[in-house]
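Look over the sequence and the fold before reading on. The text below starts with one helix and then moves out to the whole chain.

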Amino acid sequence: MIFITAKFRVKPEHAEDWPSITADFTAATRAEPGCLWFDWSRSLDDADEYVLVEAFADDEAATQHVTSDHFKEAQQHLPPHLVETPRIVNFKVPQDDWSELGELAVR
């Protein structure tokens, strides 16, 4: 799978509204057949920072995502709400779901 984590520094005046600002993009991405997950979280240390954790089944699914109409729309719609260009970590992982964190196993 293609595993991606991105950090978005949102302008303070848009931080509370970020979930609604990204709602259409999020819903459309989650509906893509190759999307495994697409989840937003808000930083506990910086209320203006959101972290996106997303995964796609393979290169084809990731390519379909970045060439989709909703991605192109997001490229126009989201940047005016940001302080800076999002930072990203993107890599391939030989699995298709989350693994258990054995060191904190719940018994």
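Which residues are buried in helix 3 (residues 59-66)? In this predicted model, they are Ala61, Ala62 and His65. Buried here means under 20% relative accessible area. Viewed down the axis of helix 3, the buried residues fall within an arc of 100 degrees, so they line one face of the helix. The spacing fits a general rule: an α-helix has 3.6 residues a turn, so residues three or four places apart point the same way.

What do the buried residues of helix 3 pack against? Their partners are three strands and two helices: strand 1 (2-9), strand 2 (35-42) and strand 3 (49-56), together with helix 2 (23-30) and helix 4 (69-77). At the N-terminal end of helix 3, Asp58 acts as a cap. One of its side-chain oxygens lies 3.2 Å from the backbone nitrogen of Glu60.

Now the chain as a whole. Its secondary structure consists of four helices and four strands, which follow one another from the N terminus in the order β-α-α-β-β-α-α-β. Among contacts with a separation of 6 or more, 73% join residues 24 or more positions apart.

The C-alpha atoms fill a box of roughly 40 × 35 × 20 Å along the principal axes. Of the 107 residues in the chain, 36% are buried. The accessible surface comes to about 7000 Å², and carbon and sulfur atoms contribute 54% of that area. As for charge, the chain has 9 positive and 21 negative charges, and the mean positions of the two sets are 5 Å apart.

Methods
Residues numbered from 1 in each chain as written. Predicted model: local features only at pLDDT ≥ 70, side-chain atom pairs only at ≥ 80, totals over all residues. Heavy atoms only, no water. Buried < 20%, exposed > 50% of the residue type's maximum accessible area, 1.4 Å probe, protein only. Arc of directions from axis to C-beta. Contact = heavy atoms within 4.5 Å. Polar contact = N/O pair within 3.5 Å; in protein donor to acceptor, adjacent residues only side chain to side chain. Areas by Shrake-Rupley, 256 points an atom, 1.4 Å probe, with all protein chains shown as cover. Lys, Arg positive; Asp, Glu negative; His and termini not counted. Charge placed at Lys NZ, Arg CZ, Asp CG, Glu CD.
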